[in-house]
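The exercises below ask the reader to work from side-chain contacts towards the arrangement of the chain. Each task is followed by a solution that proceeds step by step.

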Amino acid sequence: MSNSKTFQIIHALIPDVLAEPDLLPSQFIRKYWQVYQVQYASNRNLNGSVFEELIAITLVRKGITPFYMQAQVAFIPNANYDLVVYSEEVGPIVLSAKTTIRERYKQADLEAMALKNVHRKSETYLISASESETLARKNRLDDVVALDDFIYVFSSEYDDLLDKISQKTIIEAPTIQIVEKSQKFITAQNYWDLL
């Protein structure tokens, strides 16, 4: 974890991420999010990074690895995706973690649109801790262009999403060779020789 304060908090809250294996992902996040809110003063930046780490831990607990955090994707400038899982079936699956949605869904939708322009089958889900905002956005899915769904993290819907992702073949994202084959590789030095 790049933010050492977040690391300290997560480690203090959850020394063993695989403990309590009977907790569903939504139950796990609910429990530790509530403990975090009781034990630590509210801080918007810290809240977001702790929330993101809790989602990451549920991926690990569910066996959805490898995944990438704060990831940049080739050919998509100026976008940092919160969590990216790469599958053989659809390519990138993005989990955009937002404690509250407000207007931030617009940025997540733009990033999802950019991703779908490069990876047509990709999926992007906005995961939120706000039930009312999630429900309001779900009822207005036609307002977004590329987000696949809004998911309330403390519900069975989140558990179902992780079940769906875990059924895919999760792999490391492939490296991209821009030009794979060419009859001629031209340089200033060999141009006349190859003609």
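**Exercises on salt bridges, a helix and a surface patch**

The structure holds ten salt bridges, and the model from which they are computed is a predicted one.

**Exercise 1.** Determine which parts of the chain the salt bridge between K62 and D163 ties together, and how accessible its two partners are.

Step 1. The side chains of K62 and D163 form a salt bridge in which N and O are 2.4 Å apart. Step 2. Because K62 belongs to helix 3 and D163 to helix 6, the pair ties together parts that lie 101 residues apart in sequence. Step 3. Buried residues have under 20% relative accessible area and exposed ones over 50%, so K62, at 30%, counts as partly exposed, and D163, at 32%, is likewise partly exposed.

**Exercise 2.** Describe how helix 3 begins, how far it reaches, and what follows it.

Step 1. At the N-terminal end of helix 3, N43 acts as a cap, with a side-chain oxygen 3.1 Å from the backbone nitrogen of N45. Step 2. The helix itself comprises residues 44-62, which makes 19 residues, and from its first C-alpha to its last it reaches 27 Å, close to the 27 Å expected at 1.5 Å a residue. Step 3. Just after helix 3, G63 adopts a positive phi of about 80°.

**Exercise 3.** Work out whether R137 and D149 are buried or exposed, and identify their salt-bridge partners.

Step 1. R137 meets D143 in a salt bridge with an N to O distance of 3.6 Å, and R137, R140 and D143 are linked in a network of salt bridges. Step 2. The relative accessibility of R137 is 15%, so R137 counts as buried, whereas D143, with a relative accessible area of 34%, is partly exposed. Step 3. D149 forms a salt bridge with K138, and their closest N and O atoms are 2.7 Å apart. This pair links distant parts of the chain, with D149 in strand 5 (residues 149-152) and K138 in helix 5 (residues 131-138), eleven residues apart. Step 4. D149 has 17% relative accessibility and therefore counts as buried, while K138, at 25%, counts as partly exposed.

**Exercise 4.** Name the residues that make the nonpolar surface patch, and place I176 within the chain.

Step 1. The patch, of about 400 Å², is made by F75, V118, I176 and I178. Step 2. I176 is found in the loop between helix 6 (156-166) and helix 7 (191-194). Step 3. With a relative accessible area of 48%, I176 is partly exposed.

Conventions: Residues numbered from 1 in each chain as written. Predicted model: local features only at pLDDT ≥ 70, side-chain atom pairs only at ≥ 80, totals over all residues. Heavy atoms only, no water. Patch = residues over 30% accessible without salt bridge, like charges linked within 9 Å, V, L, I, M, F, W, Y side chains within 5 Å. Areas by Shrake-Rupley, 256 points an atom, 1.4 Å probe, with all protein chains shown as cover. Salt bridge = Lys/Arg side-chain N within 4 Å of Asp/Glu carboxyl O. Helix = DSSP H or I, 4+ residues; strand = E, 2+ residues; numbered from the N terminus. Buried < 20%, exposed > 50% of the residue type's maximum accessible area, 1.4 Å probe, protein only. Expected span 1.5 Å × (residues − 1). Polar contact = N/O pair within 3.5 Å; in protein donor to acceptor, adjacent residues only side chain to side chain.
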